[in-house]
Amino acid sequence: MGTSEIFKDLKIIELASVLAGPAVGLFFAELGAEVIKIENQGTGGDTTRHWKLPQEDQKAPYSAYFHSVNWGKQHHFLNLKEQEDYQQLLALVAEADIVISNYKAGSAQKLGVDYESLRQHNPQLIYGRISAYGDDDPRPGFDVLIQAETAWLSMNGEAGGPPVKLPVALMDIMAAHQLKEGLLVALLQRYKTGKGSQVAVALFDAGVASLANQATNWLNVGHNPQRMGSQHPNIAPYGDIHYSQEGKPVILSTGTEKQYLALLDCLELSELKADPRFTSNALRLKHRAELNKHLAAAFAQLPLATLLDRCAAQGVPLAPIRDMKALFELPEAQRLVMEETLPDGYLSKRVKTAVFKLKPGG
C-alpha cells in the first residue's frame, strides 16, 4: 500500500477556510481519504478564492493561494442557515470519521456545527477545531497577529531594523501540524475504545510551542532574542551570508568544530586556525564581525561552483540561496508538485505536504 491509500476508507468533512484547517484536510486527501469541503454559498466560498495576485484572472473562481491547500477535495456549496442545506451536512456527518472546523468562538454553536451538536448524529465522530486563542476567546486571529504576539516578529529581521513578518503563514502551518497529530492520536484512541473525541488547537499555543531553543534560551538563562538576520544566537559561523566571486549569495551552517576547521581549509584560510579570537565557538560568537571580514574576503575570491564542490568534498554545510524560480528548476523539487485538472479545464498546481516515505516491514 502506498501513502496515497493509507486513509482510503476515511471520510473527512472540512468546515474550514483560509489555510490552517484546509491544510489538515489536504493532508488526509493526499493520503487517500475522501475529503468533502463545505463552502459558504452566501459568501462565494472559502475567502482565499478571492485572495488573488494582480496578475491573476480576477474573474476566475479560485486564486493561486486557494490552490495551495485544496487538492483532491469535493466542494459542496451550502448555506448552513437554510434547513435543507443543514440537513445535507448532517447526512454527510453521520457517515464521516472526522470533521475539521475553524469557526470563531460561539459561531459553530449558532450554526449547530459544534462537536456537541454533531456527535448526536455520529457518536464515533472525531472533531478537530482550530481557533486563534482558545475555545473561549472570541478574538479573531490572523497569522501575522499571532507572529507578533508570540515573539516571532520581534526576532525576525536585520539587526537595527524593524520586526519582519515571516514570508509564509507559519503559525497556520504549525497549528495544522498540531491538529494533524491530535487527530491521528484520536483515531488511534477510537480504534482502541470505539469512542469519538474532540481535538482543539489554538494558533497562539502552536506559535509558543514552536519557539524551541529561542524559548529555552530565555527560560533558562534570561537571553531575550534580538533581531540578527539569519545568524544563529548560539553558533558561529552559522546563518552567516557571503557572496561568491560572481556575487552569488551562499549561507553557512557550521555546527561543529570539525566543520569550521574544514571551512577554513576550503577557503584557504588555514592561518585562522590558530587565531586566538576564533579557537572556540564562544570566542567566534564574541568576535563574529571580525571573523566574517576574513570569510567574506575569501568567499569573494572563489567561483560559486568551486565553493560548493570544495565544501561538499570536505563535509562543510554550505548552500546557495535560491529564489522560487531556481528552486523549482530542480528535479527534486519538481517531484513534490501535485497537479489537478479543475472542472473548467484549468491545470492547478501545489506542493505536497505529506512528504514522508513509508516502507512496511516484513
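The face of helix 14 that is turned away from its buried side carries the exposed residues Asp309, Ala312 and Ala313. This report, which describes a predicted model, starts from that helix and then turns to a strand, a pocket and a few unusual backbone angles.

**Helix 14 and its two sides**

Helix 14 spans residues 304–314, and among its residues Leu304, Leu307 and Cys311 are buried. Seen down the helix axis, these buried residues fall within an arc of 65°, so they line one face of helix 14. The spacing behind such a pattern is a general one: an α-helix has 3.6 residues a turn, so residues three or four places apart point the same way. What, then, covers the buried residues of helix 14? The cover includes two strands, strand 8 (249–253) and strand 9 (318–320), together with helix 11 (257–266) and helix 13 (288–299). After helix 14 comes glycine 315, which has a positive phi, near 70°.

**Strand 5 and its neighbours**

Is strand 5, which covers residues 126–131, mostly covered or mostly open? Strand 5 is mostly covered, since six of its six residues are buried, and a residue counts as buried when its relative accessible area is under 20%. The covering applies to both faces of strand 5, with Ile126, Gly128 and Ile130 buried on one side and Tyr127, Arg129 and Ser131 buried on the other.

Strand 5 pairs with strand 4 (residues 98–101) through four bridges, and these two strands run parallel. Within this pairing, isoleucine 98 has isoleucine 126 of strand 5 as its bridge partner. Strand 5 is also joined to strand 6 (residues 197–202), in this case by six bridges, and here too the strands run parallel. In this second pairing, arginine 129 has alanine 200 of strand 6 as its bridge partner.

**The second largest pocket**

The second largest pocket holds about 360 Å³ of space. Its lining is made up of 17 residues, and those nearest its centre are Met155, Asn156, Gln214, Gly229 and Gln231. Two elements, helix 7 (152–155) and helix 10 (212–221), give two or more residues to this lining, and helix 10 gives the most, with three residues. Sorted by class, the lining of the second largest pocket has eight nonpolar and nine polar residues, but no charged ones.

**Unusual backbone angles**

Most residues other than glycine have a negative phi, and most peptide bonds are trans. Against this background, the table lists two alanines with a positive phi.

| Residue | Phi | Place | Relative accessibility |
|---|---|---|---|
| Alanine 151 | about 80° | loop between helix 6 (143–149) and helix 7 | 31% |
| Alanine 212 | about 50° | helix 10 | 48% |

Are these two alanines buried, partly exposed or exposed? Alanine 151 counts as partly exposed because its relative accessibility is 31%, and alanine 212 likewise counts as partly exposed, at 48%. The partly exposed range lies between the cut-offs for buried, under 20%, and exposed, over 50%.

A further feature concerns a peptide bond: the one from alanine 236 to proline 237 is cis, with omega near -5°. Where does proline 237 lie? Proline 237 is placed in the loop that runs between helix 10 and strand 7 (238–243).

Note on methods:
Residues are numbered from 1 along each chain as its sequence is written. This is a predicted model: local features need pLDDT of at least 70, side-chain atom pairs count only at pLDDT 80 or more; totals for chains, interfaces and linings use all residues. Side-chain values use heavy atoms; hydrogens and water are left out. Buried means under 20% relative accessible area, exposed over 50%, partly exposed in between (1.4 Å probe, protein chains only). Two strands pair if DSSP finds at least two bridges between them. The arc is that of the directions from the helix axis to the C-beta atoms. Contact means heavy atoms within 4.5 Å. On a 1 Å grid over the protein atoms alone, a cavity is a set of points where a 1.4 Å probe fits but cannot get out, and a pocket is an open set with protein on both sides within 12 Å along at least five of seven lines; lining residues have an atom within 4 Å of a point. Grid points are joined across faces, edges and corners, and a volume is the space filled by probe spheres set on the points. Ala, Val, Leu, Ile, Met, Phe, Trp, Tyr, Cys and Pro count as nonpolar, Asp, Glu, Lys and Arg as charged, and the others, Gly among them, as polar.
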